[in-house]
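Work through the exercises below with the structure open beside you. Try each task before reading its solution.

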Amino acid sequence: MVSLFKEKKNVDVLICGAGPVGLFLANELAEFEINFRIIDKVEKHPEFTKALLVSPRTMDILDNRQFNLHLSVLFNQTKYILFIHVFFLVSFRGLLHPFLEYGVRVKQFCVIQNVHDPSNPIKAELSNLNSNFSFGLINRQTKTMEYLIDALHEKKSLRKKHVPNVEFGMELIKYEEKDDHVIAVVKNTKNKVEEEIICQYLVGCDGVHSTVRKGINDWTFEGQTLNSSWALADVEVDHELVKYYQATFILHEAPVVFFPLDARKNTFRLIIKIGDEEKKNETNDHVTHGLTYEAHITLEELQKLLDERIAPIKMELKNPVWISNFKINERIANRYRTGRVFIAGDAAHCHSPFGGQGMNLGIQDAHNLAFKLALAIRDQSADVNKLLDSYEHERHPVGKNVIEGTGYATKMMSGNDFYTSFFRTRVAPILFHFFPQTVFNFQNNLMQNNLHYLPGSSEILHKYKPRSGVENKLIDAGHYVQDGLLMKITSHKFHELITMFDIFRSTALKHTLILFTLNKGVTADCNPLIETLLEIYNDYKNTITPIIISYQGIVHAADVPFMPFQEEGREQHIFVERKFELHEKYGVMNEFGQQAFVLVRPDLYVASAVFEDDVDELKAFLDQYLVKADR
Ligand SMILES: Cc1cc2nc3c(=O)[nH]c(=O)nc-3n(C[C@H](O)[C@H](O)[C@H](O)COP(=O)(O)OP(=O)(O)OC[C@H]3O[C@@H](n4cnc5c(N)ncnc54)[C@H](O)[C@@H]3O)c2cc1C
């Protein structure tokens with residue numbers, strides 16, 4: 001008889017589930033120095049890989065977080081320039097580093113419509129993506145989870161912060177929400193000992209069968225199981241039509257798709273449609289990882305199916321690592337938050353794997369939620385309820401869009417009705433050929449590269465209209481930040497080049513308040529808005545980092561007698577641009593002659609953007625968003 005005893009432990013956040021979403025959230029909370037635990041019921045992660053594609057927006061987000069200080073020469077390549085920082089021989093290795101080092105860069109889609117003439121496929125380059133990363137990165141999900149666990153260990157050892165280990169073999173059994181805490185009961189799966197964990201917040205990153213979601217009766221997971229049936233295989237294929245740097249679609253009758261798995265070994269993920277079946281009445285319980293798996297198909301059966309589908313092309317499949325057949329589920333939870341309990345990732349939504357978005361969507365849920373939890377836990381939010389509600393209000397519509405977008409893409413690729421076949425075989429090739437922009441827009445939307453939040457839908461985005469009635473070209477609240485090239489003012493004649501994203505890498509654990517000064521000067525003597533910026537900074541020291549971006553050619557440190565933020569022991573916060581590029585990207589136009597403030601959230605979305613005449617509106621917005629620091 002196993003003895004069961006219970007103990008209570010306090011923690012700010014309990015993360016249930018150490019898949020990619022839970023692990024990313026853990027990394028975020030560690031950055032914000034929040035006291036958390038992360039548990040997973042499995043003793044180790046499975047060997048097979050579900051997600052492959054890391055999207056450009058996810059790469060941006062990973063790139064924004066750096067965890068490792070080490071001596072080296074930094075080659076920092078953006079779309080603007082190759083920087084070589086050799087001066088201090090110190091660089092920061094970002095969370096993205098191992099992904100870029102070991103992942104496979106997919107730079108094009110190749111679509112073969114005619115199996116009798118495969119030598120003339122349609123190719124769509126991924127060069128026009130709305131991101132610094134003009135490729136999709138293929139990285140096995142098992143590796144993604146390994147890198148995220150490594151990153152937690154690095155944080156623990158290098159920064160000596162309190163960062164817990166992932167507790168494998170610990171299952172959430174049930175939980176109960178009280179007024180000011182949640183009591184979670186977890187069980188050690190080996191010795192069956194149960195433990196009560198008292199946490200301020202519980203986040204369910206525990207996949208489609210989420211115990212957290214099922215813990216509350218009216219938390220539903222509505223949607224459908226599609227009636228098409230599919231097979232997938234991670235196999236070796238040696239054929240000139242499938243290449244490691246492209247996703248290959250053979251859309252002859254029913255789709256056959258190859259995604260590269262490895263740059264060197266000719267291994268690919270093959271996805272093939274088997275057929276359509278009568279719709280059955282399915283319940284949530286058939287859903288696994290967003291897909292419904294059925295009896296396993298054999299390699300011989302798969303080879304036969306492939307031969308039939310792509311004849312007269314012949315491709316031999318060898319050495320399978322994983323073969324399965326599956327059905328696609330499209331479901332979304334009715335809510336993402338209930339009081340102190342949240343869900344993120346597959347616990348909140350699942351959809352077709354075409355477009356490779358599930359994990360990316362989940363990681364971006366976690367990115368949105370983490371800084372809000374940190375503000376709430378540190379009592380830095382003026383209205384905790386509004387702040388936490390904004391997680392659902394911002395992310396639920398995104399989940400719905402991805403389900404619709406991937407569902408549409410799946411239908412267009414695989415539907416057998418007259419209109420869909422006509423579109424696929426007749427209209428799509430013309431679109432690809434004559435209107436590449438339409439294709440880029442579709443790709444950008446599918447990969448969530450154009451994603452932004454609508455001010456009207458979120459409580460913590462500033463709905464702004466200039467009082468003066470000037471045309472508002474300022475970047476909208478809810479939009480993702482823009483990158484561009486700047487110069488950092490140094491005391492040498494040499495000006496260090498830096499990008500906006502480099503700056504966010506050092507500021508984005510707080511909000512970043514940018515003052516765009518046009519050419520009106522960066523000293524308090526000549527520009528009264530510098531004082532205003534300082535005033536706001538002094539009010540919100542704990543939550544805001546100020547920076548100044550000026551347009552006035554070259555400025556030397558000697559020209560700037562007043563370095564307002566130096567007393568903090570930081571690098572100066574003043575940057576200059578040579579071309580009028582970033583000002584324009586943020587909508588601060590010369591012709592209006594007005595300077596502007598842009599407040600960027602830690603998740604890199606704009607919270608507020610106002611012209612200098614309306615700075616009081618910014619102050620009022622901050623008043624109902626963040627708590628002032630004690631002076
Ligand atoms: C074939 C396939 C291909 C895909 N390709 C892509 C792709 O290319 N790109 C992409 O972005 N997405 C892709 N996806 C989707 C992606 O795999 C999922 O969206 C992603 O795994 C979701 O991560 P998660 O952390 O939310 O959930 P999961 O990965 O399901 O992790 C949940 C974790 O919670 C744990 N858990 C569950 N219940 C409990 C409990 N009670 N107590 C403690 N722990 C618990 C589980 O053990 C598990 O480790 C694909 C999916 C499939 C199936």
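The exercises cover confidence first, then the ligand and its surroundings.

**Exercise 1. Find out how far the model can be trusted.**

Step 1. Remember that this is a predicted model. Start with the whole chain: its mean pLDDT is 86. Of its residues, 87% reach 70 or more.

Step 2. Look for weak stretches. Residues 281–289 stay under 50 in pLDDT. The model still has 24 contacts beyond four places in sequence for them. Residues 567–571 also stay under 50. Here the model has five such contacts.

Step 3. Draw the conclusion. Where pLDDT is low, coordinates should not be read in detail.

**Exercise 2. Describe the shell around the ligand.**

Step 1. Count the residues around the ligand: there are 33. Asp-40, Leu-53, Thr-211, Asp-346 and Met-359 come nearest.

Step 2. Sort the shell by class. It holds 15 nonpolar, 11 polar and seven charged residues.

Step 3. Trace the shell back to helices and strands. α1 (20–31), β13 (170–177), β20 (291–293) and α7 (358–377) each supply at least two residues.

**Exercise 3. Locate polar contacts of the ligand, then state how much of the ligand is buried.**

Step 1. Take the ligand's oxygen atoms. One lies 2.9 Å from a backbone N or O atom of Leu-52. The side chain of Gln-141 has an N or O atom 2.8 Å from an oxygen atom of the ligand.

Step 2. Turn to nitrogen. A polar backbone atom of Gly-356 is 2.9 Å from a nitrogen atom of the ligand.

Step 3. Finish with area. Alone, the ligand exposes 1000 Å². The protein buries 92% of that.

Definitions and conventions. Residues are numbered from 1 along each chain as its sequence is written. This is a predicted model: local features need pLDDT of at least 70, side-chain atom pairs count only at pLDDT 80 or more; totals for chains, interfaces and linings use all residues. Side-chain values use heavy atoms; hydrogens and water are left out. pLDDT is the predictor's confidence in each residue, from 0 to 100. Contact means heavy atoms within 4.5 Å. A residue is near a molecule or strand if one of its heavy atoms lies within 4 Å of it. A polar contact is a pair of N or O atoms within 3.5 Å; within protein, one must be able to donate a hydrogen and the other to accept it, and residues adjacent in sequence count only if both atoms are side-chain atoms. Accessible areas come from the Shrake-Rupley method with a 1.4 Å probe; for residues, only the protein chains shown count as cover. Helices (H or I, at least four residues) and strands (E, at least two) are DSSP runs, numbered from the N terminus. Ala, Val, Leu, Ile, Met, Phe, Trp, Tyr, Cys and Pro count as nonpolar, Asp, Glu, Lys and Arg as charged, and the others, Gly among them, as polar.
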